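Let's walk through this model together, starting with its aromatic rings and ending with one of its pockets. Keep the structure open as you read.

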Amino acid sequence: MNKRYLKFFVLGLSLPLSACGYALKEVYKGDAYNSPIFENNYYRVWDKGLKDVELVHEYKINKDTYFSSFDSEMFKAIDQEGSELTYEVDLANKEHPVETLYGQNRKLSKYSSTFSYGYISKLFDGQMFCNAHYQLARVQIDEQGFGRKFSKEGKGFDYFAINLKSSFDYTDTSNPAPNSILSEVDLTVNFYFKTSEGNRRFSVTMQDLKVPTNTGDGNRRKDYVFAGFDFSIINTDYLSRVYGMSISYKYNDITNSDGTAIDSTAKEKIEELDHSLMLYEVFMPNTTWR
């Protein structure tokens, strides 16, 4: 058995995780969020207190400020060395060297082993694609998202990146969703940090992000979006003692894969279906966790 999925199997045996700093509610059955019923796979867990933390600044950024492709010049300028690594795995090459992969070089579990535990550890293990592992490879969220406290406090943030795609409920055979369309969303990431006056948070919203939707479950580059931003836009006072993160989104619109409008009647039927974002990996390279 692949070590990564062995980890989830072990968690399914209900071993206590509180010693690693995780809440007891993180103990879950092995089949949790791995259902053929689309609705049952939404991860909506918010750690206690995060929703009540005071917001000190909201950054709303557009496509001129965030990157939305591994090949973009903006991303290359932020991480020249990282952009020269390999984005997707060559599945046909069984001897593909792991050390050449971006995901394995920039995964959060590389910076702290505490990111190797809990349900959302799949966002920190360097596995950026579905590769036909479906729910086992991703965290599926609706617009309310999830909020997670970390086991340690972080500092030294260079940039944030996320690899994701989107999906309408493909299990509804009475109203099948079309393949390979685009969802336009506002993706919001909140970062929670400690100060002498109490806990605070700031949020960054990548507005009008175009996300491939109802695409294949392999590792084709065009089926995912790699997006993120440089932390240089953030007040440096906020970037120490970071102890948590939440991710949510607002659904705006859908279009054909080429950006053209979808027929209004067809669009109405599609939007009757449940919508989700499917998150595969989150990166915050070069951070220090204590």
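Across the whole structure, a search turns up 39 aromatic pairs. Here, rings of Phe, Tyr and Trp (its six-membered ring) pair if their centres lie within 6.5 Å, and planes under 30 degrees apart count as stacked, over 60 as edge-to-face and the rest as tilted. One of these pairs joins F70 and F75, and it is tilted because the ring centres are 5.2 Å apart with the planes at 40°. Both F70 and F75 are buried, a word that stands for under 20% relative accessible area, with exposed over 50% and partly exposed in between (1.4 Å probe, protein chains only). F70 also pairs with F226: the centres lie 5.3 Å apart and the planes meet at 70°, so this pair is edge-to-face. The F70 and F226 pair links distant parts of the chain, since F70 sits in the loop between strand 1 (54-61) and helix 2 (73-78) while F226 belongs to strand 7, 156 residues apart. Helices (H or I, at least four residues) and strands (E, at least two) are DSSP runs, numbered from the N terminus. F70 counts as buried at 5% relative accessibility, and F226 does so at 1%.

A word on the ground rules: this is a predicted model, in which local features need pLDDT of at least 70 and side-chain atom pairs count only at pLDDT 80 or more, while totals for chains, interfaces and linings use all residues. Residues are numbered from 1 along each chain as its sequence is written, and side-chain values use heavy atoms, with hydrogens and water left out.

Another ring to look at is that of Y243, where K194 lies over the face at 5.5 Å from the ring centre. Such a charge sits over a ring if NZ of Lys or CZ of Arg is within 6 Å of the ring centre and within 35 degrees of the ring normal.

Now turn to strand 3 (residues 146-155), which pairs with strand 8 (residues 242-256) in the antiparallel sense over 5 bridges. Two strands pair if DSSP finds at least two bridges between them. In this pairing, G147 has S246 of strand 8 as its bridge partner. Strand 3 also pairs with strand 10 (residues 288-289), again antiparallel, over 2 bridges, and there G154 stands opposite W289.

Just ahead of strand 10 along the chain, N286 lies in the loop that follows strand 9 (275-283). Its phi is near 65°, a positive value in a residue other than glycine, and N286 is partly exposed at 42% relative accessibility. N214, in the loop between strand 6 and strand 7, has a positive phi too, near 55°, but N214 is buried at 6%.

Which strands help to line the second largest pocket? Strand 5 (181-195), strand 6 (198-213) and strand 7 (225-230) each supply at least two residues of the lining, and strand 6 gives the largest share, 3 residues. The pocket holds about 320 Å³ of space, and of its 19 lining residues, P212, R221, K222, D223 and Y224 are the closest to the centre. A pocket is an open set of points on a 1 Å grid over the protein atoms alone where a 1.4 Å probe fits, with protein on both sides within 12 Å along at least five of seven lines; lining residues have an atom within 4 Å of a point. The lining divides into 8 nonpolar, 6 polar and 5 charged residues.

Technical notes:
Grid points are joined across faces, edges and corners, and a volume is the space filled by probe spheres set on the points. Ala, Val, Leu, Ile, Met, Phe, Trp, Tyr, Cys and Pro count as nonpolar, Asp, Glu, Lys and Arg as charged, and the others, Gly among them, as polar.
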